[in-house]
Amino acid sequence: MLDDSGWLTAPNTMTLAGLSLGVIAAAASWFILLNWRVRRKTELIRRQIELEASTERREQQMQRMEAIGRLAGGVAHSFNNYLTSILGFSELLLESLPAKDLSRDGIATIHKSAQRGTEFTRQLYALSRKQALQLEILNLNTIVANMEAVLRGLTGERIELSMALAEPLGSVRTDKAQIEQVIITLVQTARDASPNGGRFTIETRNVDFAEPFIQDLCQLKAGPYVRLSIGDNGAGMDENTRLHIFEPFFLSKQKSRGSGLALALVYSVIKQSNGDISVASEVGKGTTFSVYFRRE
Amino acid sequence: MAAKILIVEDNEMNRDMLSRRLERRGYEICVAGDGRQGIEQAQALLPDLILLDLSLPEIDGWEVARRLKTTPATSHIPIIALTAHAMTGDRDEAIAAGCNDYDTKPIEFQRLLGKIETLLKPAAPVPPGITRPR
């Protein structure tokens, strides 16, 4: 170190301490900065991996649903041919046999079963997303309000059903009969998840997405929508169930009621009507299905 | 004189079932098991009506309908398309191919009979020079 006259002198203790502190402080700052950068980079990579994994999972799931639809359509086509013979020949026999013939009951049962099969193939066709829909401009509040008595009948006394219908609500373009069936199925699903009763909420509102909304299979472009939500505080579901909930026969494996096609049909009908559906659920807390239609 | 119906259907059981049920109602029935045979039978027998399955081997039902409707000798014959598909697109395509009506499988026999009777009632005008064999 140089003194005022330019001679080299030994540094005093204070100066050394100051220097050391400066170096330590600089090193600490550098370390903190480095640590922050590494953490930030790690977090970005983790998010990217998660995003890619979830996009891949969603694409796989959508391809799976498409394949299921095609398979359902093919199966229904073949079955309709078989059912044509079964129904036709059993009708032919019933026409031929005397009224008191003992075989009539058995043949009538075959005929009845084949007719049920016809209804089942109709549902399978619906899954192949090629059925004819009567699309019209509708107000979901009117539909829900007109269905209130039916829905209260479905839920029974142990379930408290409340409605929160936003006014004014935008119009949507969909099939009235199909959306009514969608609402009934979703309420039945909620009821099945609430064997001990509970609280259900049916809510409508206008929502606007500034950015695309993506959640599991639900993919909406940015824009104005009408949302119809049906929520319960029942058993809820885990992530695996939530991801597969719209696959045919998935819930039937878990001892749900019905044909096992109900939620698959809901998904299919909503997709055909240019709408989409998302599910939010937590085990023990409940589930909310949200149906979105573009606001007209 | 019994009206003659040609059933063009590749499924043997369905063909047999329809033949028996329609014969019971007094119709004269002839059958074909694929599209090519269907065209040949229609041209040779000139039936009063054709029940045409759309999913056929050799030549599909839509093409059979197009060829029969563009051939002067057979263009007047009413065709009811039958299919195991139950989609509106199919109906539109069948009508566009020249079919007069459409029904879906499984067949509801009374409904089909109604369609057959409606199409047979006002005797379709036969083009000049064509004699309908009975």
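This passage walks through a sheet in chain A and the helices packed around it, as seen in a predicted model.

The sheet is an open one, built from 5 strands of chain A in the order 2-4-7-9-8, and its pairing is mixed. At the edges sit strand 2 (159–165) and strand 8 (276–282) of chain A, each of which pairs on one side only. Going from one strand to the next, the twist averages 15 degrees.

Within the sheet, strand 7 (residues 223–232) of chain A runs antiparallel to strand 9 (residues 286–294) of chain A, and the two are paired over 8 bridges. One spot to look at is A:Gly231, which has A:Thr288 of strand 9 of chain A standing opposite. Packed on the sheet is helix 5 (residues 176–192) of chain A, which touches strand 2, strand 4 (198–209), strand 7 and strand 9 of chain A. The direction of helix 5 makes about 35 degrees with that of strand 7 of chain A.

Helix 5 of chain A also has a helical partner. Its axis and that of helix 7 (residues 262–272) of chain A come within 10 Å and cross at roughly 145 degrees, and the crossing is left-handed. On the helix 5 side of chain A, the contact involves A:Gln178, A:Val182, A:Thr185, A:Leu186 and A:Thr189. These meet A:Ala262, A:Leu263, A:Val266, A:Val269 and A:Ile270 in helix 7 of chain A. Sorted by class, the contact between helix 5 and helix 7 of chain A comes out at 7 nonpolar and 3 polar residues, with no charged ones.

How values were computed
Residues are numbered from 1 along each chain as its sequence is written. Chains are lettered from A and ligands numbered from 1 in the order in which they are written. This is a predicted model: local features need pLDDT of at least 70, side-chain atom pairs count only at pLDDT 80 or more; totals for chains, interfaces and linings use all residues. Two strands pair if DSSP finds at least two bridges between them. Helices (H or I, at least four residues) and strands (E, at least two) are DSSP runs, numbered from the N terminus. Axes are lines fitted to C-alpha atoms, for helices over the stretch in contact, and angles run from 0 to 180 degrees between N-to-C directions. Two residues are in contact if their C-beta atoms, placed from the backbone, lie within 7 Å. A crossing is left-handed if the near helix is turned anticlockwise from the far one by less than a right angle, and right-handed if clockwise. Ala, Val, Leu, Ile, Met, Phe, Trp, Tyr, Cys and Pro count as nonpolar, Asp, Glu, Lys and Arg as charged, and the others, Gly among them, as polar.
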